[in-house]
Structure formats: structure tokens, C-alpha cells
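Hi,

Here is the structure I promised to pass on. Have a look at it first, and my notes follow underneath.

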Amino acid sequence: MCRHDDDRDGREPHFPYGDGADDALLAILSTAVPEDRRARDRAARGVPPPVVLLAPGEDGQARARQVARWLHACLHNRSEPGQPSPALLPHALITAQAAGDGTAQAGRPLTPSAVADWEAGTDRGTVGPLPLPDYRLLSDVADWVRTNSAARPSLREHCYAQLCKRSPVHRALEWLGGAGGGDGLPAVWHVIVRPFLVFLPRWWWSLRRTHRLVRRRRRGWYAAVRALPRSADFFADAANIGPDELDGLLLRALFADLNRATRPSRVSPWRRRRATRYVVLLELPPGPPGQRPAAPAARFLADWTAALKAVPCTAVTLVAVAGPGSAPPGAYRPLADAAPDIGAVDFRDTLQPVLARLPEEAGAWSPPRPPRRVQPGTWRIPVRWVAAFESVALIAALTVGGWLAAGVFPDPEPDDCLGGLAAAPSGTQGPSDTRPGTASPAPGTVRARYTEAEDRIERQNARAEAARRAGATVRTLAYLGTSVGGDGDEPWSDGALPELRGVALAQDELNDEANSDERKIWWRVERFDTGERFGHAVEAARSLAARAGRSSDDVVGAVGIAQSRDTTRAAVRVLDTAQVPTILTNATADAMQVGEHVHQIAPPSSREAEIAGQFMRHARIVQGTAGGCAPAQDVTIVQDPTDLYSRTLGGGFADAFRRAGGTRHTLWYTPSDGDAAPPPSPTGPDVAQERSIHGVSEAVCRRLQEASGRKAAVYWAARSRELLAFLNDFEDSTPCSGNALTVVGGNGLTNATLSGTYEVPAWLRLYHAAHVRPAGQSLSHIAEEFNARYAREFGADDPWRDDGHAALGYDAVQVMAEAANEAYRSSGGRSVNRESVQASLYQGVSKAGASGAIAFPTGEPVSRDKPVIMLYHTDGHSVPVLSCGTFAPNSGRREHWGPGDGFDCPTGP
């Protein structure tokens, strides 16, 4: 165990005073005892990065020792003089002596000492013993590796023998199976029973260990760390582990076990009570000349960081203290600058420890600060009593459930369709009384509301000009948006209005911040009209490029371009050539990434297509004649080959659905006003082409009829305005009229469905992708605030409130402002131009956004892991049935979807 040895220099434990010291202290202790202790809150916890505190000065090593002892005291309760003080939560103090003594240098890992301290500080009557099956197994492997004797047994036999020492059941089986010998009955018993009581349990145990660590998809961390194929054997590979690898593997096993042991649960009383983090306090001892810190401590800190990268664990935190001769190399920031990152930054985003420098002034180190003891939750009822009560309640619930299932009450109507039952089973009804059509617009024309948003921007522009005359720094942001004409369907379905509103809300907020903070700049927004359906996007881009070419200090960036078309891609190329930093709002095609000056804030089409392919193949969305639903097996993809958005999304979905095990058929249809003419000729046996929307509906109907019992559906990769015509013709003019139909669409349908363009008939199941969850169902604080402000400004019943265009427009402006403000601060408040803004964007921007967590890694054009949501649209509202991605920087990351989180979300951009 890592015990706290006597203090040789007589100094009292202390944490220094100074700028940022209280904030850093609060962050460290709050990380150990978080406020989010309820199961529903702990599910969104982040992974706290390791913290290294450097105590500078000649006596920095002694000061580091004071800090470690003071933090150690904060984790212990008060006690009577001469009596040991009880631990308030599981923690370990690895002193400089323990981290650098001869035993550690001989290669013995430090991890077992930390675990021993954790277990000693765990109140078993309150939270139960800590289950660490993977760690125990790797500890046995470590003992076997260090033995290195020719007489040692095989690794499998050694590990099983150690298991028998810990497990009464296995020990009893070994005793019963090994009791025979000699003549007569004992020998017969030995021959007959030993294979069943010894060999079979050992074989089954080793098989389960290999399955758990290597072959299990979600928990096979060992296979991922060692880059093993799923067919590998754990014990065969573990026999080749070197002594230098032990600490790293022990930490990975420990993190995997703690993730399971502390996973939030409203049922398990043990997991429910493990709400605090497991803390390690590490004193880094000075190493020999030219080596800092000492090798064992340096290796342990490096192994801890690497293990967090391989197996992210939300249940642990490490604080290391060091003097000038023991601190690992790195850029140490003042405590005031580093304090906001302690415990608040998710290690999965930074992959770096937080390096902080403690104050050096003598006044910061006296008088001694009294310990600030943590206050974890207390439990009065022993955990076994709670478990017994829950067991009785479970038995009672199962009894009542069996009574109901036996027919005392009639069974409810079966409903296993994702999102609920809405469509009528195939063949049970004729044409619906509810036709897919256009809902009545809310009072006021779209054009008038668009003008209101423009006026809001002009008022802010005038405010910025007034600030410029008063000496403030003002810059112009170009917005490239499509024009809005009258009250037709198109303005309702292209997202132009909500996106402009999002831009206006961001400008309001940024200018308010600049008014109260002289370190931030004011913003003008100048709109460049790209024409209907972005028909004049290239001309608008050339006009902007010419304007930007006259001065790099005027227009410092551009946002907008909400659609992926050949014309918009050409326009983006113009902006990239002119070196105008550009953030695309809702243009998702991967082909829009044309240069280093272009950034996409929405998830790319490749990510959406991968999620949609898995969704259709695994989700119960296709309704059968009996009323239940099943995953799609055969999909018809409706795609416009002349439309960049459509061919990118449709092609990506076809590949994803094929990889998921489904069959697909692509149907090309180009409306008369498509981007290119004439359309290309189909290639391949799985591609056909239709010249009219009636031909599309007839072809889809034939495909459904020829499915031969396979669950068939439609993936709509074309634009939203063609879907309405298809649905009307499918109901009016095909033999499939009134039969159940499932349609899954891309994010291009979002604005049309959420703003009321589609009234879903009873025979239609309509799912579509979206970039934000509906208002009231957000998974981040920033999204909730944005939705509330949007409702205050434009009404809670505004038809575009749930549309992601507003959030993406808002976030694009916020990211550009973040980069500009960073460039402004870096220049000392002297200037900011396009070059410095682009440099800030290239270095990477991470922040919370209304559309989810925004994370542009260095040099990357796409924000990583942006949310993709699948909505089920019915009865005038949409229900989220899939949510994948990171919704908030420190929490809210969704990695699984489906009933019981049975399916993994795709990884990647």
C-alpha cells in the first residue's frame, strides 16, 4: 500500500494562495466528488484529464510534497489525536519515496499499490466490494511474468490457481476433483469426476476470459490494445507480455472494470452508490541527472495517460505534484489560466494532461491553509439491506407480471415499431382520407419574415458602425444565402429563413459581448444573395472575393452555403482561391471540402449515410401485414444523379446498406429544373432511370410487390419538393395505393417536415435525418438556451423552431467569431484580418454549440462527431428515434442507439 511517510522537513501541508488557486482547488475537489451523482446525470460524465501541478523555486520539491499532503488531508475525515483518520472516498497517495524506491525501479508496477489503497478506503458495507475481474486476471499475469522461472506452470494454470484462492466455488470444485488417488473408490472417483469438476470448469473459465477480453465486440479492450484478431487466444498472447508493459495493461484492465462497476444504474444499489471518483495523488520524485522525473513515476504517469486514450474512464482522476527537478516536460500555464480546464475538459477531446504552475511567491505559501475536506454523499442503510429489498420488489413485480400475462387482464395491442404504430397494415384499407399535402402557412408571408430578419441585422450593423466611430474594432462577416420570393412551397423547405435568423441571433449576442468586453470585436454582417436555389452562387462568391481582395481587414470571413450543389461547390472554390475563411452551414456533401479555407460545421454526408444505412438495416421500421415492424431488407434508393447532394448521399447510403447485409436498387430521377442536363445514363444492373415522377412511383410500387416477403422500403436521397409529388402520385395512380410504405430521407427533408409541409397519411411511415433534436428534447445546456431565446424572439409556435438551419447558422457565426477574437487577442488587441482568422481556424476551434459540440481538430475541415438524429414524423410532430454524436463538450456523447442501446453509432467525422 502507498502510505504517507513522515514529513522530514517539518513543513505543514498547504495549498498555495494566489490568482486562480481557489478556482483550481475547487475544480480538483469537485472532480473527485462531482455534483452529478444521480444515475441520469452521471451517464453524461466526461473523462477528466490528468493534472500535473509544478511547484517552482529552489524548494519546489518540498512545496510539492506540502501540496500532496494537503490534498491527501482533504480526502480524510477529522480524527482524534493519535488515531488514524478515516478516508472520505477511495483514494491513493503514491509518495515520492514509494514512486522512486528500489522496488519500483526493479520493475514492480505502481498500480497494485494504488488499488490496494482504494480498496482500503472503500466502505464495503456502504458500496460493497469493488468488482475488478479483468484487473485481477492481469495482476495474476503480472505475477507470472515477474516470476520468470523454468519451473513455473503455464500461464493458464497459474491464473486458474490464483482464481481458486479467491473463489470459494472454484476452490471447492478443485478440492472435490482432486481428492481421489490410490486404490478402490477414491481412484474411481478421481478418474470419473475430475474431468467434470476440474478440467471442464478450467476450460470453460479460460474460454470465457478469452471471449470477454478478445472476442467481445463492445468489451474486448485487450484485443484493441494489442491489435489482436478476434480469433486470438488471450493466454497465448499474454504469455509474451514484457515487464515494461505491465503497468499500462494493468491500468487498462482497471479502467475497463471501473467503467462497468460505476456505470450509472437506477437498479443496482452498488453501482448507484459509487458516485465519487477514484483518486490517485502522485508525488513525482526527482530523477538522476538528465532524467526527470524518476523512471517509475514517469512511466506510471505516461501509462495512465495512454490508458485513458485506449480505455476512456469517467470514474478516475489523477493529480500529480512535482518540483523543478521532477516535472515532466511541457508548457506549464499559470494556475489562473489552467484552472478552467481542470475537471471541465473532456480528455477524449484533448488527449493531453493539464499542466499548471503553482505560484512561486513566498506569500502564497504562508500561513498554512486549513484542509477543505470533501463531502461525499452518505448512506445510512447498508447496501445489502437495499439489495434484499429490491430483490423482494423484483419478485413481487414478476409475480404480478405473470398474473397479468396469464390473462387476468386483456393483452395490450402489440407495438414493436420504432416510434410507435401509425401506418395501417398493408391491404387493410383503401386510399387514406389524409393526403400528403402542404399545411397552411402561419400568419405573415415568408418574405415578410425574411425582411424582418434582414432588418434585425441592419440594426446591428448600424450599432457596430456607431461603435467603430467610438474607436472599437469592427469587422465584416459575409453571409451567402439563397433568396426568398413569395409564399410558395420552396421558401418553406429550403431553410433560408431560419438560417438567417440564426445568423442574426448570433450577431446580436456577439455585439452585446463586445459592448462589455473590449477584448472582443464588433461584427457587421453583409448578405450576398446567391439567388433561388443558389443559382447565382458563383457570381455572389466572385463579388465577395473582389470585395475581400481590396482589403484583408474588412471582410474577414464568410458563412452560409446551405446546400450542396455543383454551383455552390464552384462558388466555394472561388472563395478558397481568394483565401476567404468560409464555414459552410448546411452543405453536407463531402465533395464540398475543396480547400484549406473551407470548413463544414454540419456532419458530412458520408457520416449521415453510414448512420442511415445501419438504421434501416437494424431498426424495426417496416410494417408488415400483422401490424408489427421489422428492419428493412430491400431498399429502393431514389436519387438525382445531377444533384451533388443527392448523388453523394445516395451513393454513400448504397454502400453502407450493402455492408450491413441488405440489398438495394437505385432509381435515378432528375426533375426538369435539375442542376445539370441531360442526366447521365444508368450504369450497372442495380441502377434504373425514370423520366417522370409517375414513373418513379410505379417503379417503387413494382419493387415492393416483387420483394417476395422481404421487408422493402424507400430511401429518399432526392430533394424534398419531389417527395411530395411522389407521395401524391403513389397514392392516386399506383396499384399500391393505401398499402403501408416506409420512407427514410436525408437531412434535406428536415425543414419541410418540421415546418408542416407534410401531413403524414395513415399508410406512410416517414423517417428522416436531422442535425438537432426538437425543442424541449435537447441534450445540452447551450441548445436549451438557444431554443428558449429563439422562442422568445420568434414565438414558441414558430414552424421553424425545430429546424437545424437556425442552430447551424448561429454556430457558424459563433465559430468564426471565436477564431477572430482569438486572433485579436494574440495580436494584443491591435488588428485582425483574414490571414489571422484562417490561422486560428487551422489551429482548431472547440466549443459548445446549439447544434452540438463543435470540435475542429488542427488542420481538419470538418467538425468531429457532430450529432446526427433520425426523427419519426407523425401526427404533426417528430419523435427522435436515434441520436448519435457529441451533444456537449464535456457530456452528452451518444455512442449507441436502439432498444437497450443495442447498436453502436458509427465513428469518424
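**Notes on strands, sheet and helices**

S9, helix H24 (residues 566-577) and S10 make up a β-α-β unit, and it is right-handed. Before going on, keep in mind that this is a predicted model.

Let me stay with S9 for a moment, since it has pairing partners to go through. Strand S9 covers residues 555-560, and 6 of the 6 are buried, so the rest of the structure largely encloses it. Strand S7 (residues 474-481) runs parallel to S9, and 5 bridges join the two. If you want a spot to click on, Thr476 has Val555 in S9 as its bridge partner. S9 also pairs with strand S10 (residues 582-584), again parallel, through 3 bridges. There, Gly560 sits opposite Leu584 in S10.

Next, the open sheet. It has 9 strands, in the order S16-S15-S14-S17-S18-S19-S22-S23-S24, with mixed pairing. Strand S16 (687-690) and strand S24 (893-894) are at the edges; each has a single partner strand, so one side of each has no neighbour in the sheet.

Within that sheet, strand S14 (residues 634-639) and strand S15 (residues 663-669) run parallel and are joined by 6 bridges. One pair to look for is Thr636 with His665, its bridge partner in S15. Helix H26 (residues 644-659) packs on the sheet and touches S14, S15 and S17, with its direction at about 165 degrees to that of S14.

Helix H25 (residues 605-618) lies across several strands: S14, strand S17 (712-716), strand S18 (741-745), strand S19 (764-770), strand S22 (868-874) and strand S23 (877-886). Relative to S23, H25 runs at about 120 degrees.

Last, a helix pair. How do H22 and H30 pack, and at what angle? Helix H22 (residues 496-516) and helix H30 (residues 781-794) pack with their axes 12 Å apart, at an angle of about 105 degrees. An angle of 65 to 115 degrees counts as roughly perpendicular, and H22 and H30 are therefore roughly perpendicular to each other. On the H22 side, the contact is made by Pro498, Arg501, Leu505, Asp508 and Glu509, which meet Phe786, Arg789, Tyr790, Glu793 and Phe794 in H30. By type, the residues of this contact split into 5 nonpolar and 5 charged, with no polar ones.

That's what I have for now.

Cheers

How values were computed:
Residues are numbered from 1 along each chain as its sequence is written. This is a predicted model: local features need pLDDT of at least 70, side-chain atom pairs count only at pLDDT 80 or more; totals for chains, interfaces and linings use all residues. Side-chain values use heavy atoms; hydrogens and water are left out. Axes are lines fitted to C-alpha atoms, for helices over the stretch in contact, and angles run from 0 to 180 degrees between N-to-C directions. Helices (H or I, at least four residues) and strands (E, at least two) are DSSP runs, numbered from the N terminus. Angles under 35 degrees count as roughly parallel, over 145 as roughly antiparallel, 65 to 115 as roughly perpendicular and the rest as oblique. Contact means heavy atoms within 4.5 Å. Ala, Val, Leu, Ile, Met, Phe, Trp, Tyr, Cys and Pro count as nonpolar, Asp, Glu, Lys and Arg as charged, and the others, Gly among them, as polar. Buried means under 20% relative accessible area, exposed over 50%, partly exposed in between (1.4 Å probe, protein chains only). Two strands pair if DSSP finds at least two bridges between them. A crossover is right-handed if, with the strands pointing away from the viewer, the path from the first strand over the helix to the second runs clockwise.
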